[in-house]
Amino acid sequence: MISSFFDKTKPINYLVLLGAVLLLFLGVTLKHFGLQLSYSLIFERILALGALLVTVFVLGDMAHTKKLTLNNSYSMLFFLLLLLCFPSSLKNTSSVFSSFFVLLSMNRAMALKNEKTHKEKIFESTFWLFLSSLFFEWALIFLVPLYISIYLFSGKQLRLWLMPIAALLCGSILAITAMIMFNGSISFIDHYRFPVSLDFFLNPDYGFLCYAFLVLALIFIVFGKLGYRRLGRTLSLRLVFAYWMVGLIIVITTGDYHNGLGQFSLIPAAIFGANFMETLKQKRIKELIMIFSILLPIVVLILWLWQ
């Protein structure tokens, strides 16, 4: 049974999922760029592929070690399935790197549940966000769920609330220094323009809207099932929900879901998808939902490749 295969986190699960991600990334690269790739573009795509593969691994590790899911590989599977539904998100190398650093930041924010080394974790989380913002400036808005994490897990210590500002200043100094050393300018400041667009409302993507409403329905089901039985996981999932909402807000604000910005919300959505599968107790229903969840993205991918 398919569901029983992904109920585990054995090496074979990682091999299957990472292999599928590799094939998907190669397919998107060939469709979008063709065979005439420059050496610089090949190097750039290899780095992006490496970041994507590490993203899958870190997601699985975070879901397990931070107790966002049980010990299974559903979160990685649903992340892959969502990528199959939005394959064009992989054509933008910058969005792949940006979402990768957001995941690293999210991982450190989730680690605040542990009562040790809060200052270091907040600093690291903010620094990863700063690196993400170098690829896409709107990534800085993920400071909102970071501060929610500080509120939920770290109390009201003023020094902890000021730590993200210190990390941003440190990152800015390093970036300006690097720019002056290599380019003789500080033009990176012009990068932070935070463009706003109404394209999401003027030319809505109905596929993305269906995705948003479906994930929202899953979120209601998951929180309804968990209730107060698992308060620790419920608090963590509230933080995951905040990350999903911020990813959605970025898409709505920029109106740019075709260049990979929708990828920011896929990781939180995958975690909720995993939690939804865990709420299903009847094996037959669970198997049918799993089969449908796999077949639909494959059909979407085939239709996209034939366009």
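Start by selecting Lys67, which sits in the loop between helix H3 (39-65) and H4. Before you go further, keep in mind that this is a predicted model. Lys67 is not a glycine, yet its phi is positive, at about 60°. Colour Lys67 as a surface residue: with a relative accessible area of 57%, Lys67 is exposed, because anything over 50% counts that way.

**A second positive phi**

Now jump to Phe194, in the loop between H8 and H9. Here too the phi is positive in a residue other than glycine, with a value near 50°. Is Phe194 buried or exposed? Neither label fits: its relative accessibility is 31%, so Phe194 counts as partly exposed.

Stay in this loop and select Val196, placed between helix H8 (158-182) and helix H9 (199-202). Val196 is exposed, its relative accessible area being 61%. Show its surroundings, leaving out residues up to four places away in sequence, and you will find that Val196 touches Trp138 and Thr253. Then draw a distance from Val196 to Gly255: the two are 59 residues apart in sequence, while their C-alpha atoms are 7.8 Å apart in space.

**Into the core**

Next, hide the surface and look inside. The largest nonpolar core has 84 residues. Which residues have the most contacts inside this core? They are Phe79, Tyr211 and Ile271.

Tyr211 deserves a closer look. Set aside its neighbours within four places in sequence, and Tyr211 is in contact with Leu82, Phe86, Trp244, Ser265, Leu266 and Ala269. Keep Tyr211 selected, along with Leu82 and Phe86, for the next stop.

**The largest pocket**

Turn on pocket display. The largest pocket has a volume of about 800 Å³. Of its 32 lining residues, those closest to the centre are Leu82, Cys85, Phe86, Tyr211 and Leu296. So that you can find the walls, colour by helix: helix H4 (74-85), helix H10 (206-226), helix H12 (266-279) and helix H13 (283-305) each supply at least two lining residues. Which helix gives the most to the lining? It is H13, with eight residues. Recolour by residue class and the lining shows 24 nonpolar, six polar and two charged residues.

While H13 is on screen, pick out Leu303, which lies in that helix. Leu303 is exposed, at a relative accessible area of 56%. For a long line across the view, connect the C-alpha atoms of Leu303 and Phe123: they are 180 residues apart along the chain and separated by 44 Å.

**The largest cavity**

Now search for enclosed space. Across the whole structure there are two cavities of 30 Å³ or more. About 60 Å³ of space lies in the largest cavity. To see its walls, select Ser99, Val102, Leu103, Met106, Tyr243, Gln263, Phe264, Ile267 and Pro268. Two elements, H5 and H12, each give two or more residues to this lining. H5 has the largest share, with four residues. Coloured by class, the cavity lining has seven nonpolar residues, two polar ones and no charged ones.

**Along H5**

Follow helix H5 (residues 93-110) until you reach Arg108. Arg108 is partly exposed, because its relative accessible area is 22% and buried means under 20%. What does Arg108 touch, not counting residues up to four places away in sequence? The list is Lys121, Glu124, Ser125 and Trp128. For one more distance, go from Arg108 to Gly27: they are 81 residues apart in sequence and 32 Å apart in space, C-alpha to C-alpha.

**Last stop: the cysteines**

Finally, select the cysteines and show their sulfur atoms. How many disulfides does the structure hold? The count is zero. Take Cys210 as an example: Cys210 is in no disulfide, and the nearest cysteine sulfur, that of Cys85, is 11 Å away. A disulfide would need the two sulfur atoms within 2.5 Å. You have met Cys85 already, among the residues closest to the centre of the largest pocket. Cys210 itself is exposed, at 53% relative accessibility. Compare Cys170, which counts as partly exposed at 30% relative accessibility.

Key: Residues numbered from 1 in each chain as written. Predicted model: local features only at pLDDT ≥ 70, side-chain atom pairs only at ≥ 80, totals over all residues. Heavy atoms only, no water. Core = buried A, V, L, I, M, F, W, Y, C linked by side-chain atoms within 4.5 Å. Buried < 20%, exposed > 50% of the residue type's maximum accessible area, 1.4 Å probe, protein only. Contact = heavy atoms within 4.5 Å. 1 Å grid on protein atoms, 1.4 Å probe; cavity = no way out; pocket = protein on both sides within 12 Å on 5 of 7 lines; lining within 4 Å. Points joined across faces, edges and corners; volume = space filled by probe spheres on them. Nonpolar A, V, L, I, M, F, W, Y, C, P; charged D, E, K, R; others polar.
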